[in-house]
Amino acid sequence: MTTILGSEYPKPPEAYHGEPDTRRVIRGRNLDPRPSQKAFNHSPDGFAWGYGGSGPAQLALAILLDMGLDEGDALRLHQEFKNDIIAPLPEHFTLPITKVKLWISRHRLSRGG
């Protein structure tokens with residue numbers, strides 16, 4: 001169970017869930033921005049989505065790293081992932097893991113990765 005704003009509810013790991021009031025992203029647990037910030041610190045303030053700025057770039061990098069991409073591939077692909085997937089997300093979002101996996105597989109193949 002994950003607690004957000006005083007209420008408990010499960011967030012299944014089959015998707016990323018964005019909660020704008022807290023700027024948290026959850027995939028069964030809170031997604032930690034620090035590993036992505038260590039790779040490239042776009043946004044010391046953490047994650048954002050719904051536009052093409054630094055917070056969405058941080059989220060894009062964090063999701064790609066969380067999905068198991070090595071740092072080099074994640075850094076190479078995260079700006080395009082931001083533009084394609086993160087920037088269009090609505091205020092409250094659910095991003096299925098299957099959609100992320102499909103995007104990764106298509107972009108790795110098209111880049112020879």
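Here is a short tour of the structure, stop by stop.

**Before you click**

This is a predicted model, where local features need pLDDT of at least 70 and side-chain atom pairs count only at pLDDT 80 or more, while totals for chains, interfaces and linings use all residues. Residues are numbered from 1 along each chain as its sequence is written, and side-chain values use heavy atoms, with hydrogens and water left out.

**Whole chain**

Start with the cartoon view. The protein chain has four helices and five strands, where helices (H or I, at least four residues) and strands (E, at least two) are DSSP runs numbered from the N terminus. Following the sequence, you pass through β-β-β-β-α-α-α-β-α.

Switch on the surface: the accessible area of the protein chain is about 5900 Å², and 51% of that belongs to carbon and sulfur atoms. Such areas come from the Shrake-Rupley method with a 1.4 Å probe, and for residues only the protein chains shown count as cover. Of the 113 residues, 44% count as buried; that label means under 20% relative accessible area, with exposed over 50% and partly exposed in between (1.4 Å probe, protein chains only). As for contacts (heavy atoms within 4.5 Å), residues 24 or more positions apart account for 49% of those with a separation of 6 or more.

**The open sheet**

Now select S3 (15–19) and S4 (24–26), then add S5 (93–96). These three strands form an open sheet in the order S4-S3-S5, with antiparallel pairing; two strands pair if DSSP finds at least two bridges between them. S4 and S5 stand at the edges with a single partner strand each, so one side of each has no neighbour in the sheet. From one strand to the next the twist averages 20°, using axes that are lines fitted to C-alpha atoms (for helices, over the stretch in contact) and angles from 0 to 180 degrees between N-to-C directions.

Zoom in on the pairings. S3 and S4 are joined by three bridges, and glutamate 19 has arginine 24 as its bridge partner in S4. On the other pairing, four bridges join S3 to S5; here glycine 18 is partnered by phenylalanine 93.

Show side chains on S5. Phe93 and Leu95 point to one face and are buried, whereas Thr94 and Pro96 point to the other and are not. In a regular strand, side chains alternate between the two faces of the sheet.

**The loop at arginine 23**

Go to the loop between S3 and S4, where arginine 23 sits. Arginine 23 has a positive phi of about 60° although it is not a glycine. Its relative accessible area is 37%, so arginine 23 counts as partly exposed.

**Helix H2 and glutamine 58**

Next, select residues 54–66, which make up helix H2. H2 has 13 residues and reaches 18 Å from first C-alpha to last, close to the expected 18 Å at 1.5 Å a residue; the expected span is 1.5 Å times one less than the number of residues. Of those 13 residues, 10 are buried, so H2 is largely enclosed by the rest of the structure. Among the buried ones are Ala57, Leu61 and Ile63.

Stay on H2 and pick glutamine 58, which is buried with a relative accessible area of 0%. What does the side chain of glutamine 58 reach? The backbone oxygen of phenylalanine 40, at 3.2 Å. Leaving aside neighbours within four places in sequence, glutamine 58 also touches other residues, including Pro33, Asn41, His42 and Phe47.

Finish just past H2, at glycine 68, which takes a positive phi of about 100°.

Notes:
A polar contact is a pair of N or O atoms within 3.5 Å; within protein, one must be able to donate a hydrogen and the other to accept it, and residues adjacent in sequence count only if both atoms are side-chain atoms.
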